[in-house]
Amino acid sequence: MTTIGVDAPGAEKAWDDGGRYVPPPESVKPPKKGFVPPWRNPWRRPYVLATVTWVYILWSLVPVLIAVQFSFNDSRSRSSWNGFTTAWYCCGTEEGSIAEGTSVFGSGANDALLNALQNSLTLGVVTTLIAVPIGTALALGLTRWRSRTSNVANAVSLFPLVTPELVLGSALYLVISTLYTQIGLGRNALILGHVTFSISFILVIVRGRLVSIGNEFETAAQDLGATRMQAIRTVLLPMLIPAIFAASMITFAASLDDFVVSNFLYGDASQITVPVLLYSAVKAAPSPALNALATLLLMGTMAALLLAYLVLRLRRKGEGGSALDDLAGVEM
Amino acid sequence: MPFDPKSSDHAPQWRPQLHRRDVLRGGALTAVGLGAAPLLAACGGDSDSPSGSSGAYPLARPDEPVTLPIFDDNQPIESGLEPEKADALRVLNYADYMAPGVMKDFQKKYGAEVQVTPYNNYDEMLTKISAPGAQFDVVFPGPSVMSRMVYGKLLQPFQKSYMTNLTNAWPEYQDPWYDQGSQYSVPYTVYTSGIAYRSDRVSDPTEGYKMLWNPEYSGKMGVLDDAGEALGMAMLAWDITRDINTGDPELINAAKDKLNELIPLGVKVDITQYETIANGKFSVHQSWSGDMIAARWYLAGGATKQDLGYWIPESKADVVIGNDNICIPKSSPSPVLAHTFINSILDNTIAEKNFNWNGYQPPLTKLSAEYLIDGGYITDNLLSAVVVPEDFASGIKFYEQTPAVENLYLAAFQEFQSGGS
Amino acid sequence: MAVAEAVAEGRKDAATRFLWPSLAVPGTAWLIALFVVPFYGIMAVAFSSQLDILGQPIPAWNPLKWDFTVMGQVIDQSISGSYRSGWEHTFIYTALAMTLCVLIGYPVAYYVARLARGNRGLLLALILAPWWINYLTRMLAWVGILGDEGYANDIVRFFGFAKVDWLGGQWYVVVIALVYGYLPFFIVPLYAYLDRIDQSLIEASRDLGANTFRTFFRVTLPLSRIGLITAMVITALPMFGDYYTNTLVSNSPTTVMVGNSIEESIQSGFSRGQGASLVLLLSAVLLIFMAYYLILTVRASREAR
């Protein structure tokens with residue numbers, strides 16, 4: 001436990017176990033010797049930064065809450081509030097109902113919305129199921145296989161990570177409409193596109209974990225008589241599970257979130273995903289049913305996140321550190 | 001040679017070059033097109049000629065009608081088949097161009113959900129329909145793309161025994177000039193192109209097209225997201241030419257310069273004027289006549305039906321007039337169902353229900369202008385949006401172009417959309 | 001070591017020698033077929049000289065048949081013609097948005113990573129939330145608020161000003177929308193980096209008499225340089241390729257960005273050649289950023305090894 005710099009008499013410790021700053025309670029602040037300007041006082045509470053942070057958080061989340069609010073608007077407007085209704089979610093089908101024929105669920109609802117929701121979820125699951133094994137295998141292969149070829153493969157595999165989606169989307173669109181014409185635009189093209197942009201960040205996440213594990217554990221297992229395959233299966237893979245799990249979560253979320261690649265690769269309305277639908281509808285004639293759809297997607301994402309958080313916390317028990325940090329640390 | 005945007009010869013070099021003479025001759029290509037075997041995309045191959053495979057389709061004109069060919073490998077379906085039991089009827093169409101009620105009724109009767117994939121203009125439509133793997137059952141092209149689509153084998157010929165309701169159509173649309181014998185198309189709607197405005201906000205609607213250039217409405221106006229419509233409108237507004245099908249790059253350029261003048265005024269480029277004029281987002285917008293008749297469904301912010309206005313030139317000879325068709329793409333997985341669907345749209349009752357919602361007049365004899373006005377569909381302030389068969393004889397129409405000319409328009413329009421030069 | 005054992009060891013090695021390469025094969029093949037080849041496809045379309053019956057370029061897969069006329073025109077038009085304003089907007093909007101991202105994002109990431117205590121978990125969850133919320137949903141939210149009758153105009157009118165036409169092609173609305181859209185992608189990686197800085201270094205600086213500002217500029221900021229650059233690159237790359245934010249909050253030729261021109265020309269078909277050429281130019285511009293970021297990543301992973 002570091003104790004350097006505790007120049008405030010009475011302060012027991014300035015750092016918590018994670019090495020983070022813990023300002024002392026008010027009562028033990030250093031006695032004021034005349035006027036101390038704020039920038040001279042390292043113990044001053046960071047009011048300005050705290051304010052900036054909270055203002056940012058409000059700014060980033062309040063609009064979303066307002067969008068959720070308008071999914072309950074008893075009017076076709078998405079901007080002026082006119083009372084509460086759930087008609088946009090379900091059963092806004094009676095003649096004269098504000099959401100006639102356009103609610104998300106219920107008989108006579110706008111099938112396009114539910115269809116898009118199903119498409120997005122299916123695409124997310126299929127993408128994850130295909131991309132995670134491929135990406136994980138690639139990470140294992142590229143980390144442990146040292147040769148000139150692997151260096152080239154390494155460089156190539158990172159490029160999709162930094163390529164703007166517009167470039168990737170238009171490239172896939174052009175190649176599918178001219179060379180891979182057997183694939184055709186549509187569901188298959190969407191899956192191929194989503195897997196392509198997913199592989200790279202699965203690679204980065206899993207490889208990060210692989211590098212930090214090192215190969216001592218495998219070597220030890222092999223010294224104890226395990227074959228290499230056994231060592232991988234029984235030692236390495238279990239240690240990789242948190243990273244694979246995090247990668248799956250991100251793949252699924254990225255697939256749900258993707259707009260650009262999907263917008264290039266869908267063929268007709270039956271394959272449209274939620275972001276594409278939101279985009280074209282905002283351009284055309286948006287109704288609160290869209291907000292309802294977006295709200296459902298939001299709740300789905302939040303539920304998945306909560307699940308991830310709980311799983312990580314369960315695994316984290318006894319290891320210290322916070323599951324939230326894990327979630328924040330999985331960026332590229 | 002460096003590219004000079006101000007140069008009058010503005011056609012980028014790589015495009016198929018046609019001499020202006022050829023272009024201006026227009027219809028003369030018809031003979032060439034009909035004589036030659038159609039050259040198709042895939043057969044373009046490695047020919048080194050820069051014009052590649054373009055230009056080999058006839059250009060129909062009212063005085064030079066075209067009978068579209070029926071290819072050996074693209075024959076009509078058999079007659080007397082039962083409609084397929086499909087989950088979906090895939091429609092490629094403008095957004096909000098067909099009544100949801102009509103589509104629901106069809107679904108109830110035949111079990112197929114009508115799914116609309118929207119496009120904003122014919123270029124997007126052509127891109128979508130020609131994409132590999134694309135499967136659509138019904139599409140709505142106008143006369144200006146018919147030849148291309150038939151020669152590109154994107155459409156399939158009708159088995160006319162299913163089209164029993166075609167006799168409901170105006171006589172001229174049972175054998176139109178762009179598709180003699182209605183082998184590939186039946187008419188869907190007729191409309192004029194004009195200016196939609198809010199009479200409660202516009203001081204002088206007789207300004208006509210020039211309302212768009214009036215700074216009074218800056219930030220509150222827009223043009224159609226359609227190269228031909230927007231550039232043609234600029235040509236007519238500023239007397240650049242009355243020939244909105246001109247292939248003269250100078251005239252197209254002059255029209256583009258006029259459109260560019262709209263950019264500092266905050267012009268928008270879209271086709272949702274039926275909603276945005278009605279809800280007050282815009283005060284003035286280039287528009288098709290049907291949109292203003294439909295606008296009554298989108299009124300918001302205290303606007304009333306009486307606030308909607310639609311301007312077209314006073315003289316019938318100056319009015320831009322057109323029609324859309326219904327066709328069956330070659331890729332259709334359910335062609336019998338598609339025939340059935342199209343025939344139902346030509347049914348008087350269904351067409352009336354559709355018109356009530358989308359505001360576009362179907363050219364059916366029973367649904368005459370008087371009938372629709374008496375039926376209360378069209379208020380007095382929008383009588384200018386009514387189309388009668390006689391208008392077609394005198395009005396200005398968009399015709400099919402060679403790819404070279406087409407590209408001149410598209411390039412000019414894209415420059416405008418890219419913020420001008 | 002017994003001979004038999006050594007032989008067995010050798011056989012095992014032979015059996016597993018191809019294990020690692022074969023694990024890498026599916027992923028590598030996938031990326032070649034669906035990343036490298038498509039990128040070549042962009043070139044084949046951009047350098048094509050053939051049009052099909054619908055006026056779309058027929059890709060020139062054979063590099064000997066490449067024709068650079070369209071590319072030349074696109075470059076000319078980018079320098080002095082119709083694409084110029086698109087490029088200008090792209091650079092200016094991205095630079096402005098990036099500056100705002102740093103000014104807002106750094107303090108937030110710094111506070112949450114280093115200063116917040118009791119409610120740190122809550123803060124972290126709250127800054128992670130927008131990272132996970134669908135981008136289009138967040139934009140949809142703004143389009144509602146900025147509408148003619150939306151809350152933004154309610155506030156403006158409450159203070160006695162005239163209604164503002166927010167969505168009528170205002171450049172500042174585009175910039176703010178970009179900041180709003182991408183700030184979470186800036187903050188989260190920067191947070192992760194700041195979180196790792198060793199507190200004792202900062203403490204040492206204070207012990208040696210540096211005040212808060214001096215400590216920040218001489219110690220914290222240099223230590224977080226890599227994290228800051230990473231966050232900036234991660235945010236700038238998609239911003240350069242953005243077109244949908246612009247379309248949603250402006251959709252006016254007055255604020256067109258190069259992404260809009262690309263999307264329009266590729267999806268409308270006729271000018272795919274121009275679109276593909278613009279994609280190549282954009283990639284060339286971004287290659288500098290991309291290469292820099294990749295070098296950083298590779299170096300970081302080397303150090304970790």
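Q: In which helix of chain A is A:Tyr279 found?

A: In this predicted model, A:Tyr279 is found in helix α9 of chain A, which covers residues 274-283.

Q: Is A:Tyr279 buried or exposed?

A: To read burial, one counts how many other C-beta atoms lie within 10 Å of the residue's own, and 20 or more make it buried. A:Tyr279 has 23 other C-beta atoms within 10 Å, and is therefore buried.

Q: Which residues is A:Tyr279 in contact with, once its neighbours within four places in sequence are left aside?

A: The partners belong to two chains: A:Phe259 and A:Asn263 in chain A, together with C:Leu136 and C:Tyr244 in chain C. One can also compare sequence with space for a pair of residues, and for A:Tyr279 and A:Leu290 the separation is 11 residues along the sequence and 10.0 Å from C-alpha to C-alpha.

Q: How many helices and strands does chain A have?

A: Chain A has 11 helices and zero strands, and its pattern read along the sequence is accordingly written as α-α-α-α-α-α-α-α-α-α-α. Of the 332 residues in chain A, 45% are buried. When contacts between residues at least 6 apart in sequence are considered in chain A, 58% of them join residues at least 24 apart.

Q: How many helices and strands does chain B have, and what share of its residues is buried?

A: Chain B contains 14 helices and 11 strands, and 54% of its 421 residues count as buried. Among the contacts in chain B with a separation of 6 or more, 77% are accounted for by residues 24 or more positions apart.

Q: How many residues of chain A and chain C take part in the contact between these chains?

A: A contact between chains can be described by counting the residues on each side, and here 96 residues come from chain C and 87 residues from chain A. On the side of chain C that touches chain A, helix α2(C) gives the most, with 19 residues. By class, that side of chain C divides into 65 nonpolar, 21 polar and 10 charged residues.

Q: Into which domains is chain B divided?

A: A domain need not be one unbroken stretch of sequence, as chain B shows: domain 1 is made of 88-190 + 323-384, while domain 2 is 191-320. Their C-alpha centres lie 25 Å apart, and 17 residues of domain 1 of chain B are in contact with 19 residues of domain 2 of chain B. The side of domain 1 of chain B that touches domain 2 has six nonpolar residues, 10 polar residues and one charged residue.

Q: Which domains does the assignment give for chain C, and how many residues of each are in contact?

A: The assignment for chain C gives domain 1 (17-67) and domain 2 (83-304), with 31 Å between their centres, taken over C-alpha atoms. Nine residues of domain 1 of chain C are in contact with eight residues of domain 2 of chain C. On the domain 1 side of this contact, the largest share, four residues, comes from helix α2 (residues 19-46) of chain C, and the side as a whole has six nonpolar, three polar and no charged residues.

Q: Why are α4(C) and α13(C) called oblique to each other?

A: To describe how two helices meet, one looks at the angle between their axes, and angles from 65 to 115 degrees count as roughly perpendicular, whereas those over 145 count as roughly antiparallel. The axes of α4 (residues 84-115) and α13 (residues 258-267) of chain C cross at roughly 130° and come within 7 Å, and the two helices are therefore oblique. The contact is made by C:Gly86, C:Trp87 and C:Thr90 of α4(C) with C:Val258, C:Asn260 and C:Ser261 of α13(C). Two of these residues are nonpolar, four are polar and none is charged.

Q: Which elements of chain C have the lowest and the highest mean pLDDT?

A: Confidence can be read for a whole chain or for one part of it. In chain C, helix α1 (residues 3-17) has the lowest mean pLDDT (56) among the elements, and α4(C) has the highest (93). Chain C averages a pLDDT of 84, with 91% of the residues scoring at least 70.

Q: Where does pLDDT stay under 50 in chain B?

A: This stretch is residues 1-55 of chain B, for which the model has 101 contacts beyond four places in sequence. Chain B averages a pLDDT of 84, and 86% of its residues score at least 70. For the complex, the predictor gives an ipTM of 0.87 and a pTM of 0.82.

Note on methods
Residues numbered from 1 in each chain as written. Chains lettered and ligands numbered in written order. Predicted model: local features only at pLDDT ≥ 70, side-chain atom pairs only at ≥ 80, totals over all residues. Buried ≥ 20, exposed ≤ 12 C-beta atoms within 10 Å, placed from the backbone. Contact = placed C-beta atoms within 7 Å. Axes fitted to C-alpha atoms, helices over the stretch in contact; angles between N-to-C directions. Parallel < 35°, antiparallel > 145°, perpendicular 65-115°, else oblique. Nonpolar A, V, L, I, M, F, W, Y, C, P; charged D, E, K, R; others polar. Domains from an automatic or database assignment. pLDDT = per-residue confidence, 0-100.
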